[in-house]
Amino acid sequence: MSDARDDIITVGLLAEGTHDPGVPPAGIRRAPTGVDGLATEHLIVNMGPQHPSTHGVLRMLVELDGEEILNAEVTLGYLHRGIEKLAEHRRFDAIATLMDRGDYVSGIMGETAVALAVERLMELEVPRRAQWIRVMMAEINRIATHLLWYGTMGLDTGAMGPFLYAMRDRETLLDILEAVSGARMMFNYVRPGGVVADLPAGIDAKIRGFCDAFDTYVEEHDAILSGNEIFQARLKGVGVIDAEKALAFGLTGPNLRASGVDFDLRKKRPYDAYAEMEFDVPLGTTGDAMDRFSVRIEEMRQSNRIIRQCIEGMPEGEHTAKVPKILRPPTGEVYASVESARGEVGIHLVTDGGTSPYRMHYHGPSLYALQALEDLMPGHLLADGCVMIGSTDIMLGEVDR
Amino acid sequence: MLPDANEIRTLLAGSGVSAEVDTVALGTVARVDAADAIDALATLKADGYESLVDFDGMDTGEAIELTWRLRSYSMDCEAYLKTTVPYDAEIHSAWNIYASALMPERETAELLGLRLAGHPNPKRLFTTDGIPPLLRKDVPIRSVEEVKNR
């Protein structure tokens with residue numbers, strides 16, 4: 001495709017020969033020369049921060065030639081709370097609440113990353129039951145996250161129904177998460193050394209019931225959208241990120257795997273009890289939006305498999321190691337990363353022997369996905385741009401931090 | 001997975017970068033001079049570290065320490081590159097080598113008070129003009145007025 005920015009001419013009041021260029025005109029219009037000599041006006045549109053397709057408070061400045069995106073620039077900061085700075089003034093067991101407000105849809109994974117970093121510094125041995133509970137909660141949270149993405153992905157492409165189906169299942173999952181942790185979104189459940197509380201009585205029947213029902217439901221979710229001709233037309237071949245580009249932009253998680261790179265931290269750098277779990281890592285081939293969709297749908301099936309294994313083989317024992325009330329890790333520097341629903345969440349923790357971190361860097365996968373989007377969107381239609389934003393599943397809470 | 005420290009030292013020395021490479025709790029860390037950082041990144045990328053997965057900085061109290069976290073998917077390992085720059089220093093962008101450095105560099109420069117050279121879009125990323133570099137240790141979490149009025 002030729003770059004339409006190369007042949008911009010001035011029309012209207014500023015057009016050559018019709019008006020004195022030195023006089024400020026009432027309305028300046030820049031337009032490219034069309035093939036047929038007819039020009040289209042360039043529009044600079046602020047997409048967001050309240051646009052429903054921008055998934056939170058993303059603001060994109062897009063330059064449009066008709067329906068075609070010429071340029072896209074991301075404007076961030078609407079949700080910047082300074083989590084990294086706040087963490088420097090928190091006790092180590094209180095950072096989990098900040099992580100919940102980072103990626104606020106998959107909080108358990110963020111909490112786990114901090115817990116792992118502190119445990120690595122203090123060389124804490126986490127009881128086996130605690131590790132299994134963490135894995136189970138993370139996978140429940142992963143399905144809940146993917147369901148929210150699935151529903152909004154449908155909305156982005158004009159399908160209202162799937163959102164309602166997704167919310168039905170997500171509701172059950174949030175009920176389970178609430179029964180275990182006490183909260184539906186801001187869990188504050190995973191702490192250094194284990195988890196806050198043991199599983200409540202009778203929860204296994206509820207989880208087992210969900211697993212059985214979800215076996216059918218996930219097929220339903222898959223069929224409703226994947227089988228839809230319009231949906232396929234909107235996603236196939238749109239927003240292709242090949243493996244090389246995915247690596248260049250530092251993508252991780254489902255976005256990377258959709259490009260065919262086999263890398264899942266749960267398999268390659270097993271933490272908690274993931275080494276004991278049996279599951280497959282779905283991969284895409286072309287790296288288009290449809291691949292990213294299919295990878296996430298398959299991940300939901302695999303997460304369901306892991307949850308079932310957890311509930312069947314949950315070991316007996318303590319839910320937390322014996323940890324002091326005030327944690328005081330020795331001076332050191334570690335990096336702990338977990339496979340969150342959106343990719344790799346990393347915690348770079350530096351301590352100076354005090355009761356709070358000297359520096360905590362919170363790495364979220366969505367910032368890197370956004371950079372890829374900026375590169376990806378030019379040259380595509382605006383409606384395809386919405387599909388790209390939806391399919392990369394960005395979360396502004398962890399972009400801005 | 002940890003790469004061999006000696007290998008990285010030899011590799012960097014081959015391209016004229018003297019580095020202190022150690023395997024510590026963080027992983028295999030190569031420390032280079034600020035002037036050599038870009039060369040070191042280019043060398044590591046050519047060696048198979050295809051992806052820059054994280055970039056951040058820290059105020060050590062005396063200077064700013066920058067950390068690049070590189071991952072090689074072909075060798076299945078991670079390596080860290082560290083360098084120290086003075087306060088308010090100008091750092092050269094690595095976006096030509098790793099495109100993923102674009103936004104993290106803007107974030108680090110803004111939150112730690114550095115200047116970016118060779119960056120295609122060296123604007124602030126999160127905060128507005130007039131906000132001090134928040135991650136510096138001398139920037140308090142609350143302003144003096146706020147503490148007084150509590």
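The exchange below covers a sheet in chain A and the make-up of chain B in a predicted model. Residues are numbered from 1 along each chain as its sequence is written, and chains are lettered from A, ligands numbered from 1, in the order in which they are written. Local features need pLDDT of at least 70 and side-chain atom pairs count only at pLDDT 80 or more, while totals for chains, interfaces and linings use all residues.

Biologist: Which strands are at the edges of the open sheet of chain A?
Modeller: Strands are DSSP runs of E with at least two residues, helices runs of H or I with at least four, numbered from the N terminus. Two strands pair if DSSP finds at least two bridges between them. The open sheet has three strands in the order β3-β4-β5, paired antiparallel. Pairing on one side only marks the edge strands of chain A, β3 (42-47) and β5 (68-75).

Biologist: Which residue stands opposite A:H42?
Modeller: In chain A, β3 and β4 (residues 59-65) run antiparallel and are joined by six bridges. The residue in β4(A) opposite A:H42 is A:D65.

Biologist: How many helices and strands are there in chain B?
Modeller: From the N terminus on, the elements of chain B run α-β-β-α-β-β-β-β-α-β-α. That gives chain B four helices and seven strands.

Biologist: What percentage of the residues in chain B is buried?
Modeller: The C-alpha trace of chain B spans about 55 × 35 × 25 Å along its principal axes. A residue is buried if 20 or more other C-beta atoms, placed from the backbone, lie within 10 Å of its own. Of the 150 residues in chain B, the buried share is 42%.

Methods
A residue is buried if 20 or more other C-beta atoms lie within 10 Å of its own, exposed if 12 or fewer, and partly exposed in between; C-beta atoms are placed from the backbone.
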